[in-house]
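User: I am in my first year and would like a close look at a single part of this protein, the largest pocket. Please take me through what lines it and how the strands around it are arranged.

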Amino acid sequence: MDDTTPGQDAKTAKATANAPRSSDAIRHPLMDVAARLSREAPFETVFESPEVSIELYAPVGADMQKPHDRDELYIIASGEGTFSRGDELVPFAQGDLLFVPAHVPHRFETFSDDFRTWVIFYGDKRRR
């Protein structure tokens with residue numbers, strides 16, 4: 001059976017069938033992204049626009065991040081530990097959501113070896 005539509009040749013039909021769907025362009029399976037992370041490269045940006053940036057973050061040994069100029073959400077993908085935000089120390093586990101306002105000091109103080117978190121930066125950059 002021929003997969004072409006009227007007026008379409010087989011070469012064009014094959015190219016169309018193999019073209020990525022729009023949903024594939026922003027699909028990033030966690031395991032594929034996580035496999036590329038390392039001590040030297042503990043995060044990977046998987047989506048970025050002027051309004052939002054989404055990363056997967058997996059520090060090794062210590063979390064050395066500094067305050068950011070945008071509000072931020074963490075969605076814990078795997079692992080557990082403790083998170084400092086300003087003067088608070090918050091326990092976290094897989095499935096938790098953590099919010100950090102722009103410019104607030106924060107870091108993952110302790111975390112298990114399987115720790116991975118989605119990071120979502122959003123809103124306008126803010127000055128101190």
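Analyst: What follows describes the pocket, then the strands that supply its lining, and then the rest of the chain.

Please keep in mind throughout that this is a predicted model, and that every value below is computed from it. A general idea helps at the start: rolling a probe the size of a water molecule over the atoms shows where empty space is left. In this model, the largest pocket holds about 220 Å³ of space. It is lined by 14 residues, and those closest to its centre are Glu55, Gln65, His68, Glu72 and Phe121. Sorted by class, the lining consists of six charged, five nonpolar and three polar residues.

Where in the chain does the lining come from? At least two lining residues come from each of the strands S1, S2, S3 (71–78) and S8 (116–122). The strand that gives the most is S2, which contributes three residues.

These strands can now be placed in their sheet, which is open, has five strands and follows the order S1-S2-S8-S3-S6 with antiparallel pairing. At its edges are strand S1 (43–48) and strand S6 (97–100), each of which pairs on one side only. From one strand of this sheet to its neighbour, the turn is 20° on average, with direction ignored. If you follow S1 and S2 (residues 52–57) in the structure, you will find that they pair in the antiparallel sense over five bridges, and that Phe43 stands opposite Tyr57 in S2.

The chain also has another sheet, an open one of three strands in the order S5-S4-S7, again with antiparallel pairing. Strand S5 (88–93) and strand S7 (106–111) are at its edges with a single partner strand each, so one side of each has no neighbour in the sheet. Here the twist averages 25° from one strand to the next. Strand S4 (residues 80–85) pairs with S5 in the antiparallel sense over six bridges, and Arg85 has Glu88 in S5 as its bridge partner.

Finally, the chain as a whole gives the setting for the pocket. It contains three helices and eight strands, and, read from the N terminus, the elements run α-α-α-β-β-β-β-β-β-β-β. Of its 128 residues, 31% count as buried, that is, with under 20% relative accessible area. Among contacts in the chain with a separation of 6 or more, 56% are between residues 24 or more positions apart.

Notes
Residues are numbered from 1 along each chain as its sequence is written. This is a predicted model: local features need pLDDT of at least 70, side-chain atom pairs count only at pLDDT 80 or more; totals for chains, interfaces and linings use all residues. Side-chain values use heavy atoms; hydrogens and water are left out. Two strands pair if DSSP finds at least two bridges between them. Helices (H or I, at least four residues) and strands (E, at least two) are DSSP runs, numbered from the N terminus. Axes are lines fitted to C-alpha atoms, for helices over the stretch in contact, and angles run from 0 to 180 degrees between N-to-C directions. On a 1 Å grid over the protein atoms alone, a cavity is a set of points where a 1.4 Å probe fits but cannot get out, and a pocket is an open set with protein on both sides within 12 Å along at least five of seven lines; lining residues have an atom within 4 Å of a point. Grid points are joined across faces, edges and corners, and a volume is the space filled by probe spheres set on the points. Ala, Val, Leu, Ile, Met, Phe, Trp, Tyr, Cys and Pro count as nonpolar, Asp, Glu, Lys and Arg as charged, and the others, Gly among them, as polar. Buried means under 20% relative accessible area, exposed over 50%, partly exposed in between (1.4 Å probe, protein chains only). Contact means heavy atoms within 4.5 Å.
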